[in-house]
Amino acid sequence: MSSIVVNVAIGILTSVVSGSLVWSWQQVKRLQRKSRYHAFFGFSAARECVIIVGQQMNNPLGIHRSDVRALVEVASIATDGGVVFQIFQPDQFRGGIGGRVEFCIGGPYANHRTAGHMTTYLPGVRFKPYDRDRHDSIAIVAGNTEFICEANQREYVILARAFSFSRGRPLFLIAGQSGITNLAAAYFLRSQFDVLRRAYGADRRFCLVLRVDRPDVYGHESVHIASDVTEVAFGS
């Protein structure tokens, strides 16, 4: 066999081996990421999750269009995790938390389940009452800090992961001052889960206040962490 043929054969073999190693490494990385994804969202061995979405304050039979888009973001999280999801409005679901993964979308005045979750699991944060004549209407209060809604300028939303007192599956709470902030938090949860996972792992609760800057100009993607209020929110 000539040296040319030998060199060609060696080149082909090297390419095949290198390609197989790259493919195997990519498969390992994909499986590792999937495992981290499942662990963070509590999907490991879970078959289903529930999504509770709030109602429009002036239309109890309707859902704000931004909340519908937030619902789509959260449904994508479930679909990527390979679990079946069911969608309910607050008056359609009375189950406890821990037995299944739950995503609850909407502030406490649009979603009374959110109000219940905050009172039970996040006693250190609250929303000020809605009053169109007050500048601090629906401000988020965490300890001595207020996050005041400046419509279309600077708006806020709570993004939290909580567990029942007996642990179990997590509750993800998205409670915003407006529909666009709910969408922003859902987008942040889906797109930044790796950042959150590195910070809080698979089993640590957290409560963040996210800020959305100029949503009338930049939409829901102009979102970032304003403050980590975990210690205050959970009273620990």
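## Close-up views of a predicted model

Helix 2 and helix 4 are roughly parallel to each other, and this pair makes a friendly starting point for a tour of the structure, which is a predicted model.

**View 1. Helix 2 packs against helix 4.** Helix 2 covers residues 65-80 and helix 4 covers residues 179-191. Their axes lie 8 Å apart, at an angle of about 15 degrees. Because angles under 35 degrees count as roughly parallel, the two helices are therefore described in that way. Helix 2 passes helix 4 in a left-handed crossing. To find the contact, look in helix 2 for S66, D67, R69, A70, E73, V74, S76 and I77. Their counterparts in helix 4 are G179, I180, N182, L183, A186, Y187, L189 and R190. Sorted by class, this contact has eight nonpolar, four polar and four charged residues.

**View 2. A closer look at S66.** This residue is found in helix 2. Is S66 buried or exposed? S66 has a relative accessible area of 8%, and since buried means under 20%, S66 is buried. Leaving aside residues up to four places away in sequence, S66 touches G179, I180 and L183. S66 and S178 are 112 residues apart along the chain, yet their C-alpha atoms are separated by 8.7 Å.

**View 3. The sheet of seven strands.** In what order do the seven strands of this open sheet stand? Reading across, the order is 2-1-3-8-7-9-10, and the pairing is mixed. At the edges are strand 2 (84-88) and strand 10 (223-228), each of which pairs on one side only. Neighbouring strands of this sheet are turned by 20 degrees against each other on average, direction ignored.

**View 4. Strand 7 and its two partners.** Strand 7 spans residues 154-164, and 10 of its 11 residues are buried, so this strand is largely enclosed by the rest of the structure. Strand 7 and strand 8 (residues 167-176) run antiparallel and are joined by seven bridges. The two form a hairpin, with two residues between them. Along this pairing, I158 stands opposite A175 in strand 8, while A162 stands opposite L171 in strand 8. Strand 7 also pairs with strand 9 (residues 206-213), in the antiparallel sense and over eight bridges. Here E155 stands opposite V212 in strand 9.

**View 5. Helices lying across strands.** Helix 2, met in the opening view, lies across strand 1 (48-53), strand 2, strand 3 (101-105) and strand 8. Helix 2 runs at about 165 degrees to strand 3. Which strands does helix 5 lie across? Helix 5 (residues 193-200) lies across strand 7, strand 9 and strand 10, and runs at about 145 degrees to strand 9.

**View 6. The sheet of three strands.** This open sheet has the order 4-5-6, with antiparallel pairing. Strand 4 (125-127) and strand 6 (145-147) stand at the edges with a single partner strand each, so one side of each is left without a neighbour in the sheet. Neighbouring strands of this sheet are turned by 20 degrees against each other on average, ignoring direction. Strand 5 (residues 140-142) and strand 6 are joined by three bridges and run antiparallel. To place yourself in this view, look for V141, which stands opposite E146 in strand 6.

Terms used
Residues numbered from 1 in each chain as written. Predicted model: local features only at pLDDT ≥ 70, side-chain atom pairs only at ≥ 80, totals over all residues. Heavy atoms only, no water. Axes fitted to C-alpha atoms, helices over the stretch in contact; angles between N-to-C directions. Helix = DSSP H or I, 4+ residues; strand = E, 2+ residues; numbered from the N terminus. Parallel < 35°, antiparallel > 145°, perpendicular 65-115°, else oblique. Left-handed = near helix turned anticlockwise from the far one by under 90°. Contact = heavy atoms within 4.5 Å. Nonpolar A, V, L, I, M, F, W, Y, C, P; charged D, E, K, R; others polar. Buried < 20%, exposed > 50% of the residue type's maximum accessible area, 1.4 Å probe, protein only. Pairing = 2+ DSSP bridges.
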